[in-house]
Amino acid sequence: MCGGCRLILVTVGTHTAPFDRLLAHMDSIAAHSDEPVFMQTGSSRFVPRFTKFERFLPENDYDRLFKEARVIVSHAGIGTILRAAAQRKPLICVPRLREFREHWDNHQLEICQEMSTTGSLSFVIDIRTLDICKITAAVAPSFSSMPSHLAERVMFFLRNPISEAPNRQA
Amino acid sequence: MKKNLDRSSLVPKVGLVCSHGGHLTEIQLLQTKLTGVETFLITYKSVRTVPGDRTYLVSNIGTKPWKLVVAFFRISLAIAREKPEALISTGAEIALPAFLIGRALGVKLIFIESLARTTRPSVTGFLLYPVSDLFLVQWPRLLHRYGDRAECVGAVA
């Protein structure tokens, strides 16, 4: 963890659906926090009153903010989770839910449930339970402890494209 | 049907095809692990992507048929110019025209179901499973939703 960092980065990704629910909640937390909060608001309609924000950021700027942040509060987008895992950055997710028209299905909720079972991921479903204590207690995400051979499999196929018995590995 | 395009180099050239967001992040992560491979990228225009000599951008296809037609031609030009031996895609719908073109040109097709798909197949994966030469899922529970040719060998992370 970045001991000297004091920034909470809130990100909702580049999805076309808004995620006002997360932004509104975090804006209310920012109103009573002395720690800076920056929001990437994406396609959302909510306009924060107590934080700096941008709808979308160039890659370099987003990467800089991500590295500077003490903790990330995010939708459960796989890109954000991968980036936090790679940087060992504390992350707490609020999955976009179909019932609120935040996504066309509940796969983000499934990601949270699967990762918290096979690896580790901090998340909340009921946003009313998200507070500064839970944000501070967030851990860096990690995927399954199962070793990955995906890149090796792809490389082997590229060099030996003749079909062979598939390696199912259920 | 054209056969594999001839390449005198021993370094395989691979086209990486993906939409934006997490699909792009997964492809970029995989790209760092592909050693001794020459790559080019076909993806959507976004704040994260800039056109370049090895990066081809198309407008988000979404659900608009005319955008699919435009993307089809732009992707055709990219593949015809680069002459890859294989295409790798993590989805989403941008893979559909790319794999159709790749199949017609005899290019090997590798589809990797996104990490976002834990228990249910994506529509793109469902449609491209029959034509993929290598089909990988990243979550074991998804393996049994596909046929015998699907493989699970871990995650891109």
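This passage goes through the sheet of chain A and then the contact between chains A and B, as seen in a predicted model.

Let's start inside chain A. Here six strands line up as an open sheet, and the order runs S3-S2-S1-S4-S5-S6, with parallel pairing. The edges are taken by strand S3 (52–54) and strand S6 (122–123) of chain A, each of which has a partner on one side only. Further in, strand S1 (residues 8–11) and strand S2 (residues 37–40) of chain A run parallel and are joined by four bridges. Within this pair, Leu9(A) sits opposite Phe38(A) of S2(A). Helix H3 (residues 78–87) of chain A packs on the sheet, where it touches S1, strand S4 (71–74) and strand S5 (91–93) of chain A. The directions of H3(A) and S5(A) make an angle of about 160°.

Now for the interface. On the chain B side 49 residues are in contact with 37 residues of chain A, and the two chains bury about 3,600 Å² between them. Carbon and sulfur atoms account for 66% of that area. As for charge pairing, there are four salt bridges between the chains. Arg153(A) and Glu151(B) form a salt bridge, with their closest N and O atoms 2.7 Å apart. Polar contacts across the interface come to eight residue pairs, both residues being at pLDDT 80 or more. Several elements of chain B supply at least two residues each to the side touching chain A, among them strand S5 (108–112), helix H5 (140–143) and strand S7 (150–152). H1(B) gives the most, with six residues. By type, the chain B side splits into 25 nonpolar, 13 polar and eleven charged residues.

How values were computed:
Residues are numbered from 1 along each chain as its sequence is written. Chains are lettered from A and ligands numbered from 1 in the order in which they are written. This is a predicted model: local features need pLDDT of at least 70, side-chain atom pairs count only at pLDDT 80 or more; totals for chains, interfaces and linings use all residues. Side-chain values use heavy atoms; hydrogens and water are left out. Contact means heavy atoms within 4.5 Å. Buried area is the accessible area (1.4 Å probe) that two parts lose on being put together, summed over both. A salt bridge is a side-chain nitrogen of Lys or Arg within 4 Å of a carboxyl oxygen of Asp or Glu. A polar contact is a pair of N or O atoms within 3.5 Å; within protein, one must be able to donate a hydrogen and the other to accept it, and residues adjacent in sequence count only if both atoms are side-chain atoms. Ala, Val, Leu, Ile, Met, Phe, Trp, Tyr, Cys and Pro count as nonpolar, Asp, Glu, Lys and Arg as charged, and the others, Gly among them, as polar. Two strands pair if DSSP finds at least two bridges between them. Axes are lines fitted to C-alpha atoms, for helices over the stretch in contact, and angles run from 0 to 180 degrees between N-to-C directions.
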